[in-house]
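Student: Could we go through this structure together, chain by chain? I would like to begin with the overall fold and then turn to the packing.

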Amino acid sequence: MHFPPPSRFLGQTGKERVEGAFFFFPSATSSFLLRFPVGDLNRRIPKKKEGSQIAVVQIDYLEGRMSGQGQRLTVVPTVTMLGVMKARLVGATRGHALLKKKSDALTVQFRAILKKIVTTKESMGEIMRASSFALTEAKYVAGENIKHVVLESVKSASLRVRSRQENVAGVKLPRFEHFSDPGAGDTKADLTGLARGGQQIQACRAAHIKAIEVLVELASLQTSFLTLDEAIKTTNRRVNALENVIKPRLENTINYIRGELDELEREDFFRLKKIQGYKKREIERQLQAAKQFAEEQFAEKVSLKKGISINSAHNLLVAGAEKDEDIIF
Amino acid sequence: MYGFEALTFNIHGGYLEAIVRGHRSGLLTAADYNNLCQCETLDDIKMHLSATEYGPYLQNEPSPLHTTTIVEKCTLKLVDEYKHMLCQATEPLSTFLEYITYGHMIDNVVLIVTGTLHERDVQELLEKCHPLGMFDSIATLAVAQNMHELYRLVLVDTPLAPYFSECITSEDLDDMNIEIMRNTLYKAYLEDFYKFCQKPGGATAEIMSDLLAFEADRRAVNITINSIGTELTRDDRRKLYSNFGLLYPYGHEELAACEDIDQCVCHYLFQAKEICRSPSASPSVIGSYAIPWEMLMSWHS
């Protein structure tokens, strides 16, 4: 038999318990919901799973609104729960402030990197142009084939790039740097273009080394730019989530618990008052009954003195309606 | 018999002389270069060049032009003209024209040998060779395992054979740095060319000896300057200087001893002064010495 839910559950929470509203929940809780028929949920007190918070299991809607502002967690409205919620609110506030500071620091870094990227790109354009022209000069003096000659005589690169991690405001950014590999053959004492073009080839080599430096720096800046962008987005997401969802939810929960506790207290108070009233009425009734009895006794005594028993006369009249074996009427 | 060469000249050289004059008038002038400087894109350059002798070679190229394509096609024109002249020439002009290509042949041989040493693909290497320096058995250079085989199998049939056998023994070939080998071969080639030019005498000997002397001296100065600060020893340097030219022999001694660009410039100036004072110098020689002087000054600064 399905009893209607007690009024106190309906009074504070939404008028409608929309069954379909539970699809907002993360899928981990859906199995929990499936185990119990929905109608019983109004009365169900959620069991605490090991290590997890009760709070993530269910979310009620205040006054039937679907916005994040109106949500609160479903909890047992006890005093300990109130303490727990208050502690969590304090934690959320502190976390929010810290994340905001982190987001600001990251944004400052981001702007600085952006400025550097712009200048580096411009200088890269200049330097690449200069190095291409140095290559053309070398080709002009030492013959068109110089590119092939140099390429054929090289076994492995002598200028290499390596990467390392740098920690900036808590975010790990990659940084590239170039270094010259000493084992990969001599670079300075190369005899290419001995008879013609040697100077131009060395100048071309120097120009290209500068170009590599600029390119490596630009690569580090751009990867840091992308990584920082991701980090800023995540941090801002968290800040907004804390500010607009978690904290209002916790505040609403705290208000709800307070409200419930107040109502419990009022109920108790009311119950107490009611019982007091009963007791008082009981006492009064007894007093009244005692008084009446005393009066009747007095009246009896008086009538007996006069020779009549009112009580017995009464009794006869009353008893006459009943069956008595002694009376043979 | 001086003065009567013009009687019989046309029999052998008339056609080619006419062709050469035609080419001379087809060279790009200062106005052409100015126009090319005004161009903004590669298509503009193609348009300007289509009005010159290079037009037919660039016409059929598809629209997104690349700088290497333009260079390739222009070189192709040079090669075609050269081959045409070579076909029409008789002795000794044909040998003379072939001598011009030996320098490129040396470059190609060195390129292929280096590439083979580093295990590159033969086809790629062949594509990178200069077209003027190709000869028939060039692809077989990639097959040889060491220098001795290389010489025995391939080079002995080419006109480069005497350069190898004269200057380089087979042990040297294995150890030597590739640049030093190239320069040694080139030295031998220059000397050979010089000797060949002296044989016909007359105008050939006069003009060519000036040009070749200038080339030898220029190379000597270049080698000196470029080998300062490298591992090339003085004796090696000395071996790379050709044994003709105006700096030979005393200038070479001085140059071999140089360790600094400033010293080099001083010696060069001294030599050039001596040369200019000597009675055998012709104005063309002095003029030709002015050009490398400018180059030296730009290095120095």
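**Chain folds and helix packing**

Tutor: Along its sequence, chain A runs in the order α-α-β-β-α-α-β-β-α-α. Please keep in mind that this is a predicted model.

Student: How many helices and strands does chain A have?

Tutor: Chain A has 6 helices and 4 strands. Of its 329 residues, 28% are buried.

Student: What share of the contacts in chain A is long-range, that is, between residues 24 or more positions apart?

Tutor: Such pairs account for 70% of the contacts in chain A with a separation of 6 or more.

Student: And what is the secondary structure of chain B?

Tutor: Chain B has 16 helices and 0 strands. Buried residues make up 41% of its 301 residues. Of the contacts in chain B between residues at least 6 apart in sequence, 55% join residues at least 24 apart.

Student: Let us stay with chain B. At what angle do helices H6 and H11 pack?

Tutor: H6 (residues 93–117) and H11 (residues 178–198) of chain B pack at about 170°, and their axes are 10 Å apart. Because an angle over 145 degrees counts as roughly antiparallel, H6(B) is roughly antiparallel to H11(B).

Student: Which residues meet there?

Tutor: On the H6(B) side they include B:Phe96, B:Tyr99, B:Tyr102, B:Ile106 and B:Val110. On the H11(B) side, B:Leu185, B:Tyr186, B:Tyr189, B:Phe193 and B:Phe196 are among them. By class, this contact has 15 nonpolar, 3 polar and 3 charged residues.

Student: How many residues are in the largest nonpolar core?

Tutor: That core has 37 residues, and those with the most contacts inside it are B:Leu141, B:Leu160, B:Tyr163 and B:Phe193. In chain B, H6, H7 (122–128), H9 (161–167), H11 and H12 (202–226) each supply at least two of its residues. H6(B) gives the largest share, with 10 residues.

Student: What does B:Leu160 touch, leaving aside its neighbours within four places in sequence?

Tutor: B:Leu160 is then in contact with B:Tyr102, B:Met105, B:Ile106 and B:Val109.

Student: A change of topic: how many aromatic pairs are there over all chains?

Tutor: A search of the whole structure finds 10. In one of these pairs, the ring centres of B:Tyr99 and B:Phe193 are 5.0 Å apart with planes at 15°, so the pair is stacked. This pair links distant parts of the chain, with B:Tyr99 in H6 and B:Phe193 in H11 of chain B, 94 residues apart.

Student: Are those two residues buried or exposed?

Tutor: Both B:Tyr99 and B:Phe193 are buried.

Student: What about B:Tyr186 and B:Tyr189?

Tutor: They form an edge-to-face pair, 5.4 Å centre to centre with 65° between the planes. B:Tyr186 and B:Tyr189 are 3 residues apart in H11 of chain B, so about one helical turn separates them. B:Tyr186 is partly exposed at 21% relative accessibility, whereas B:Tyr189 is buried, with a relative accessible area of 5%.

Student: Which residues do ring pairs link into a cluster?

Tutor: The cluster consists of B:Phe96, B:Tyr99, B:Tyr102, B:Tyr163, B:Tyr186, B:Tyr189, B:Phe193 and B:Phe196.

Student: One last residue: where is B:Asp262?

Tutor: B:Asp262 lies in helix H15 (residues 261–277) of chain B. B:Asp262 is partly exposed, with a relative accessible area of 36%. Its C-alpha atom is 9.8 Å from that of B:Ile225, a residue 37 residues apart from it along the chain.

Note on methods. Residues numbered from 1 in each chain as written. Chains lettered and ligands numbered in written order. Predicted model: local features only at pLDDT ≥ 70, side-chain atom pairs only at ≥ 80, totals over all residues. Heavy atoms only, no water. Axes fitted to C-alpha atoms, helices over the stretch in contact; angles between N-to-C directions. Parallel < 35°, antiparallel > 145°, perpendicular 65-115°, else oblique. Contact = heavy atoms within 4.5 Å. Nonpolar A, V, L, I, M, F, W, Y, C, P; charged D, E, K, R; others polar. Core = buried A, V, L, I, M, F, W, Y, C linked by side-chain atoms within 4.5 Å. Buried < 20%, exposed > 50% of the residue type's maximum accessible area, 1.4 Å probe, protein only. Phe/Tyr/Trp six-rings, centres within 6.5 Å; stacked < 30°, edge-to-face > 60°.
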